[in-house]
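Reader: I am new to this structure and would like a close look at one part of it. Please pick a sheet, go through it strand by strand, and then say how the rest of the chain compares in outline.

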Amino acid sequence: MPERNSEVILELRNITKVFPGVKALDNVDFDLRKGEVHVLVGENGAGKSTLMKVLSGVHQPDGGEIRLRGKQVEISSPRGAQDLGISMIYQEFNLVPFLSVASNIYLGREPTRLGLIDHRTMHKRTTELLESVGMDIKSQTLIKDLGIAKQQLVEVAKALSLDCDILIMDEPTAALGAKAIEQLFEIIRRLKDKGISVIYISHRLEELAQIGDRVTVIRDGKRVGCSPMSDVKTEDIICMMVGDKICQMFPRDIVPKGEQALNLVNISRKDVLHDVSLEIHCGEIVGLGGVMGSGRTELAEVVFGEAPFDGGEMYLFGQRVRRMSPVLAVSRGLGFLPEDRKQKGLALDLRVRENVLMSSLNKVFPNRIINSKIEKDLVKRFVDDLNIATPSINRFVKYLSGGNQQKVVIAKWLCTRSRFFIFDEPTRGIDVGAKVEVHKLMNELVKNGAAVLMISSELPELVNMSDRIYIMYRGTIVKELGRDETTKEEVLRYETTGGKDRAIAQG
């Protein structure tokens, strides 16, 4: 960790930015020291992205100044920021799938020889760049053949190829599993050793202490705090972000178990699932852990009927299901909130009211005649009950924040009168305030007699919200952990080794 009196290389002083009708930034101060990771947090809409867009040249400030290495500078464009040594990695990757790693890194600025692209030099530079930060990726590999984690590393290499000494990372771990996150953290540590400074934006508060040196919190366009990471707890950061001194990240009331909602007995699917057995009762939140590729989402798809199972037995509310389908699942009270809510959970180009009702039209209007007043009253009730922040039920869903989009998906399944919910990564990519709201909703569902199967890569969420946790490893269940015996370390050990490390030690 850098010394507290280490060199300040960047200062943002009294930065103000006004959009029509909105003061997005209100006299915000921020500074960055050489070789540190300065974490920037805040709820969606707090102003952190706007601040970084000012720094990266996307927006021009309406007031304040930027000082770089002691001198005032004007950053009029992203190219201008790059020329000053400032690079930004956005949450949405800017990679071309059918080009190689090297071609993506040097796209538009390829080295040339005799007027032609010098492919040999380009691949040589790319290999050296990847090796310098410990990335095990071939320069010739096509981006489409890389997983999300390695694509993230390519984005890091692309930024470093610009000879930056200030790197802005926006939600770099949003789509990564535990192993990939640690690999990324190791690369960030190497960057720090080279004197590169990192501004790190994340909603996953539990990881900040592992990588951050200082943290700045922005709320409603204003800076509300800046502290060394070692001086604050996660609860302190949450309270600064939401402005509420009574903060509980994982609200959980334990209630008696009710009837059995799901029972899987030796469920198999060729090359994907192997003899998976688990059970869930009403009144329970049952967690399902495992690294990416362990079979968690594939199991959820089998339960919901999006994929077939080859062997084993499935029972839903006591009735055996020999062949499941999404239509049958919905009719039997099952709702599925998929990992990719934008692609599979919502129709982004439809309005809130249409999304809420899309899976329950036959139940709400069995005569197939839509009554607009009933429709409006029903949707408005869910919007109010779930505290969905939208100016109107006619608002297009694509314009809502990630947290409110997730609430619309929940409203859709509540409208079907679902009694059993599968939440696949329920809080991925949403801010901490929205996370608390989703956790409260899950808690209320089970208090009211529903059952929840929660798939999550966020260990604190998995440990603190679950009554029991099943751990998947290479397509099978390797461990069931009760609430009282569960720790993040224990979950992570089974997720990454299948429990084989202990067996080896004992052997």
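**A six-stranded sheet and its surroundings**

Author: Helix H8, residues 234-242, lies across E3, E11 and E12, and its direction makes an angle of about 25° with E11. The model is predicted, with a mean pLDDT of 87 for the protein and 96% of its residues at 70 or more.

The three strands under H8 belong to an open sheet of 6 strands, in the order E6-E9-E10-E3-E11-E12 and with mixed pairing. Strand E6 (86-89) and strand E12 (222-228) are its edge strands, each pairing on one side only. From one strand to the next, the twist averages 20°. A second helix, H5 (residues 148-160), lies across E6 and strand E9 (166-170) and runs at about 165° to E6.

Inside this sheet, the place to look closely is strand E10, residues 197-201. Of its 5 residues, 5 are buried, so E10 is largely enclosed by the rest of the structure. In a regular strand, the side chains alternate between the two faces of the sheet. In E10, Ser197, Ile199 and Ile201 point one way, while Val198 and Tyr200 point the other way, and all of these are buried. A buried residue is one with under 20% relative accessible area.

E10 has a partner on either side in the strand order. With E9, E10 runs parallel, joined by 5 bridges; in this pair Asp170 stands opposite Ile201 of E10. With E3, E10 also runs parallel, joined by 4 bridges, and here Leu40 has Ile201 as its bridge partner in E10. Ile201 is therefore a buried residue of E10 that is set opposite Asp170 and is also the bridge partner of Leu40, and it belongs to a strand that is largely enclosed.

From E3 the sheet continues to E11. Strand E3 (residues 37-41) and strand E11 (residues 214-219) pair in the parallel sense over 4 bridges. Val39 has Val215 as its bridge partner in E11. Beyond E11 comes E12, at the edge of the sheet.

Cys226 falls within the span of E12, residues 222-228. The structure holds 0 disulfides. Cys226 is in none, and the nearest cysteine sulfur, in Cys239, is 18 Å away. With 28% relative accessibility, Cys226 counts as partly exposed. Cys415 is likewise in no disulfide, and the nearest cysteine sulfur to it belongs to Cys282, 20 Å away. Cys415, however, counts as buried, at 4% relative accessibility.

For a parallel to E10, turn to strand E20 (residues 451-455). Here too 5 of the 5 residues are buried, so E20 is largely enclosed by the rest of the structure. Its two faces are both covered, with Ala451, Leu453 and Ile455 buried on one side and Val452 and Met454 buried on the other. Strand E15 (residues 285-289) pairs with E20 in the parallel sense over 4 bridges, with Ile285 opposite Val452. Strand E19 (residues 420-424) runs parallel to E20 as well, over 5 bridges, and the bridge partner of Phe421 is again Val452. Between E19 and E20 the chain passes through helix H16 (residues 432-447), making a right-handed β-α-β crossover.

Lys435 lies in helix H16. At 2% relative accessibility, Lys435 counts as buried. Leaving out residues up to four places away in sequence, Lys435 touches His203, Arg204, Met249, Thr427, Ile430 and Glu458.

Another open sheet has 4 strands, in the order E14-E13-E16-E17, and its pairing is antiparallel. Strand E14 (273-281) and strand E17 (319-321) are at its edges with a single partner strand each, so one side of each has no neighbour in the sheet. The twist from one strand to the next averages 20°. Strand E16 (residues 311-316) pairs with E17 in the antiparallel sense over 3 bridges, and Tyr315 stands opposite Arg320 of E17. Helix H9 (residues 296-304) lies across strand E13 (260-269), E14 and E16, running at about 115° to E13.

Two stretches call for caution. Over residues 1-5, pLDDT stays under 50, and the model has 12 contacts there beyond four places in sequence. Over residues 502-507, pLDDT also stays under 50, with 3 such contacts.

Note on methods: Residues are numbered from 1 along each chain as its sequence is written. This is a predicted model: local features need pLDDT of at least 70, side-chain atom pairs count only at pLDDT 80 or more; totals for chains, interfaces and linings use all residues. Side-chain values use heavy atoms; hydrogens and water are left out. Two strands pair if DSSP finds at least two bridges between them. Axes are lines fitted to C-alpha atoms, for helices over the stretch in contact, and angles run from 0 to 180 degrees between N-to-C directions. Contact means heavy atoms within 4.5 Å. A disulfide is a pair of cysteine sulfur atoms within 2.5 Å. Buried means under 20% relative accessible area, exposed over 50%, partly exposed in between (1.4 Å probe, protein chains only). A crossover is right-handed if, with the strands pointing away from the viewer, the path from the first strand over the helix to the second runs clockwise. pLDDT is the predictor's confidence in each residue, from 0 to 100.
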